[in-house]
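Subject: Structure handover

Hello,

Here is the structure I said I would pass on. My notes on it follow below.

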Amino acid sequence: MKPSPARLAPLIALLLAAPAMAAQPAQPLAFASIDQLQQQMDAGTLDSRTLARQFLDRIAQLDQAGPTLRSVIETNPDALKLAAALDAGRAKAKRGPLYGVPVLLKDNIDTGDRMLTTAGSLALTDAPAPRDAGLVERLRKAGALVLGKTNLSEWANFRSNHASSGWSGRGGQTKNPYVLDRNPCGSSAGSGAAVAAGLVTVAIGTETDGSIICPAASNGIVGIKPTLGLVSRSGVVPIAHSQDTAGPMARSVADAAALLSVIAGSDPRDPATAEADKHATDYTRFLDPNGLKGKRIGVVRQLAGAEPNADRVLEQAIALMKAQGAVIVDPVTVPHLADLGGPEMTVLLYEFKHDINAYLATRPNLKVKTLADLIAFDKAHAEQEMPWFDQELFEQAQGKGPLTDKNYTDALAKAKRLAGPEGIDAALTKDHLDALLAPSWGPAFVTDPVLGDHIVSGDPTVGGASQPAAVAGYPSITVPAGFAHDLPVGIVLFGARWSEPTLISIAYGFEQHARAWQPPRFLDTVGGKSVAGLP
């Protein structure tokens, strides 16, 4: 389903009526960095309103038409007015790096404006959220321009085990801009595809397990899954409070670090962030081109060996790291990797029921009030909501008891212990490591609405390294590292709690020497032809 024409109409009218600034070529701006954009805006050769118009035009050309990426579920009808206000206040504002820069938000992040927040579901389209999410408050305070919402795997991929990542009842199927019949991975599929396609400078995704790391890797960009509690989850449609976090998605480590610097920090609306202000900092301080030198990095071979293209790229990355002065410890064993899946799923099912009911209570203008209501809505609207897959995860979660159940408390304690102290921490301590390394994922799989995704975190047939850090609540970062048959492949670095500075330093040092990013060509299939009207 495409975004409603009625919701796009005010924006189209503004686009047609707005006077243009001095001509600026669209293509360089589409893939410009935050720093490059700020240099132009400081020089007076660009303003936020012109930049927003060019991104909106590109969304119309590539996302709603042309290759029809369907990565943007809704654009902000007030985007140009907000951009003009930022331009008017630029001379007097205390400006940070995001001032006037457009940002897209995953459509499970509340905005207290005219845009909807739906997690991709038609059940949440009755009315907008009453208030900005905590991270959105920070973005607006920093002068960022909220350009719109991105499509996602409906309910952040927690409705069915047979879902197709990047599909939602409201937004349809998101495509991978590198090869259109390939999947963008989920659940932050739209955020990953939009950034990769040059529809926006940076975007926000969310992750419970893999939903930043996989779409970032599959779409050839950088994604940071922060330490649990560094970024507020208030006003974010939840899966599970013991693993959920929002994080930045960008084409470079520098842009991701700048975005993380803005959204990190404590929020009284999210008790998990109580310690965030002690750790949040300007993460751009750690952008060291020599960030690999002297770092001890352990290769987790348990998370490799599943997909030959990913393994080839990993070996190339290891060679580069060694050449740049990193100390590579290979192999390193992370204990208990095979023991995380069972307790993790138990925790997610229990917490989803509790957390989604609590979230719906913050949306009084919705007709649905509980998970039971959502299940009933999907059944009543099965043609729109369940044409491809069912809602067995919803139903399993509905059958769970309260968070005082021993099954839940035991599973939570076990999951955290095995993933954190006895898992990642044990591996880091044993070999005195700064970080752990693995392939992010294999190349993007073909989108298959009939059978669903061909990959999940930890799937031994294709790979996926998100689970340990996700379950532990520790940070991870994926960086483009190479290509396989027109498809980007990344590496992932993960480490101890609050180790974002170290991971960013290593990732930036790698990125500056690997230079692996390339813009997408919008090929119809692997080895095929470009179908885009723009390069």
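The protein exposes about 18,600 Å², and 56% of that comes from carbon and sulfur atoms. Please keep in mind that this is a predicted model.

Overall form

The C-alpha trace spans about 60 × 55 × 50 Å along the principal axes. For 535 residues, a compact globule would be expected to have a radius of gyration near 24 Å, and the 21 Å of this protein agrees with that. Of the 535 residues, 61% are buried. The secondary structure consists of 19 helices and 13 strands. Among contacts with a separation of 6 or more, 76% are between residues 24 or more positions apart.

The disulfide

A search of the whole structure turned up one disulfide. The bond links C185 and C214, with an S to S distance of 1.9 Å. C185 sits in the loop between β5 (172–173) and α8 (189–196), while C214 belongs to helix α9 (residues 213–218), so the pair ties together parts that are 29 residues apart in sequence. The angle about the S-S bond is 95°, and the link of C185 and C214 is right-handed. Are the two cysteines, C185 and C214, buried or exposed? C185 has a relative accessible area of 6% and is therefore buried, the cut-off being under 20%. C214 is buried as well, at 1%.

T227

T227 is found in the loop between β7 (222–225) and β8 (245–250). Its relative accessibility is 0%, so T227 counts as buried. Which residues does T227 touch, leaving aside those up to four places away in sequence? One of them is T245. The others are G473, Y474, P475, R497, W498, S499 and E500.

W388 and the nonpolar patch

On the surface, W388, V450 and L451 make a nonpolar patch of about 350 Å². W388 is located in the loop between α15 (382–385) and α16 (392–398). With a relative accessibility of 43%, W388 counts as partly exposed, because that value falls between the 20% and 50% limits. T227, by contrast, is a loop residue with 0% relative accessibility.

When you open the model, these are the places I would look at: the C185 to C214 disulfide, the contacts of T227, and the patch made by W388, V450 and L451.

Regards

Notes. Residues numbered from 1 in each chain as written. Predicted model: local features only at pLDDT ≥ 70, side-chain atom pairs only at ≥ 80, totals over all residues. Heavy atoms only, no water. Helix = DSSP H or I, 4+ residues; strand = E, 2+ residues; numbered from the N terminus. Buried < 20%, exposed > 50% of the residue type's maximum accessible area, 1.4 Å probe, protein only. Contact = heavy atoms within 4.5 Å. Patch = residues over 30% accessible without salt bridge, like charges linked within 9 Å, V, L, I, M, F, W, Y side chains within 5 Å. Areas by Shrake-Rupley, 256 points an atom, 1.4 Å probe, with all protein chains shown as cover. Salt bridge = Lys/Arg side-chain N within 4 Å of Asp/Glu carboxyl O. Rg over C-alpha atoms; globule rule 2.2 N^0.38 Å. Disulfide = S-S within 2.5 Å.
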